[in-house]
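Q: I would like to learn how to read a few features of a protein model, starting with its interior and ending with its backbone angles. Could we go through them one at a time?

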Amino acid sequence: MIALGACLDKKEICLALGQGGARCLAHIGVLQIFQEEGIRVKKISGTSAGAIVGAVYSETEDAFETEERFRTLLGSRAYERSGLNNLKDHNVNGVNFWEQITTRIRGMIALNLAQSKLGVLQNNNYKECLKILIHGNDFTHLKIPFSAMATDLLSGYSVEITSGDIITALNASSAIPGFFPPVPWKEYLLVDGAVCCPVPVEHCRSNETDITVAVHVPAAINSDYWPENALDIMVRAEEINMRNLDQVKTSRADIKIFPDTKDVSWNEMHRLDEMVASGRAAARDALPQILKTLALRTRQRTESSTPSDSPLFDECHKYFIRL
């Protein structure tokens, strides 16, 4: 009767994991709660760091193993060599984090532009980090259907990657323009998927009746802001543009989860524990709505289908045949 009960009360969702750098570590906490509550993820689509978390979970189907792989990455030499660890928050001689970052970025961009490079950091070092997180080479070894979103610089449109080399796909999906060089793939020249599709709700759905859950981890916008120069204004305008695009994309999901990302910046990976805890809390708060939506959708499917047309009927029929 346990198998029959599971047949009649399937808890399945399709998941869209939004961009956000280190804030995407909150996705791990959300997945842990789903795992503990027996909510199966039917399909995952992710953007940028959200794609990385989604791919690791699609490979392991274990949110706790996913967390451990990120811990392993943070303690690795590959992570040190990537250059990302050098941007970690430090407050030295009264200079705050963002002043350090702005100074570093300006210097690095100026130097690299003079040398005609396409990115501040190197894809090869970054790929070594991705290989610590992902142990297979191809989409075919993933246990859960998965897609990574990227942006094509040539056409200006988003590109959904669902096959081929998984490391290349994740590199492309998270290739922050100006930081990492664009990634050639087929006829495309790809950069970070967040440029076009920061929260890929429309890509995570398998069919019309699927329940979509979007996890949104945007950067906080400081209301005490006042620009000091043209670069400040350009960065602020891009933040506002991205925030609004995020909201439009997220609104298309049946259920939205908004972990408290506090003041975590995109590169503060060392705040893993905070983000996992935040994701867990947000997912726990969303559980009543998720379970209610699942029950309602199951009832609608049952009422709108004849027994022979119903997916639930087919599965239960197979169950009785095995008896």
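Q: Which residues of the largest nonpolar core touch the most other members?
A: In this predicted model, the largest nonpolar core holds 69 residues, and Ile 13, Leu 15, Phe 34, Phe 146 and Leu 170 are those that touch the most other members. Helix H11 (residues 272-304) gives the most to this core, contributing nine residues. A second, separate core has seven residues, among them Ala 16, Val 199, Val 201 and Cys 204.

Q: Which residues does Phe 146 touch, not counting residues up to four places away in sequence?
A: With those neighbours left aside, Phe 146 touches Ile 44, Gly 46, Ala 51, Gly 54, Ala 55, Ser 58, Phe 139, Ile 161, Thr 162, Ile 166 and Leu 170. Ile 44 is also the bridge partner of Phe 146, which belongs to S3.

Q: How many bridges join S2 to strand S3, and in what sense do they pair?
A: S2 and strand S3 (residues 146-152) pair in the parallel sense over four bridges. S2 also runs parallel to strand S1 (residues 12-17), to which six bridges join it, and one pair of bridge partners there is Ile 13 with Val 41 of S2. Between S1 and S2 the chain passes through helix H2 (residues 26-36), and this β-α-β crossover is right-handed. As for accessibility, S2 is mostly covered, with six of its eight residues buried.

Q: Is Arg 69 buried or exposed?
A: The cut-off to apply is that buried means under 20% relative accessible area; because its relative accessibility is 11%, Arg 69 counts as buried. Arg 69 lies in helix H4 (residues 63-74), and, when residues up to four places away in sequence are not counted, it touches Val 56, Glu 59, Thr 60, Ile 132, Leu 133, Ile 134 and His 135.

Q: What should I look for in the phi angles, and where does Ser 48 lie?
A: Most residues other than glycine have a negative phi, so a positive value deserves a second look. Ser 48 has a positive phi of about 60° although it is not a glycine, and its place is in the loop between strand S2 (40-47) and helix H3 (49-60). Ser 48 is buried, with a relative accessible area of 7%.

Q: Is Lys 186 buried or exposed?
A: Lys 186 likewise is not a glycine and has a positive phi, of about 55°, and it is found in the loop between strand S5 (183-185) and strand S6 (188-192). With a relative accessible area of 63%, Lys 186 is exposed, whereas Ser 48 is buried.

Notes: Residues numbered from 1 in each chain as written. Predicted model: local features only at pLDDT ≥ 70, side-chain atom pairs only at ≥ 80, totals over all residues. Heavy atoms only, no water. Helix = DSSP H or I, 4+ residues; strand = E, 2+ residues; numbered from the N terminus. Buried < 20%, exposed > 50% of the residue type's maximum accessible area, 1.4 Å probe, protein only. Contact = heavy atoms within 4.5 Å. Pairing = 2+ DSSP bridges. Right-handed = clockwise from strand over helix to strand, strands pointing away. Core = buried A, V, L, I, M, F, W, Y, C linked by side-chain atoms within 4.5 Å.
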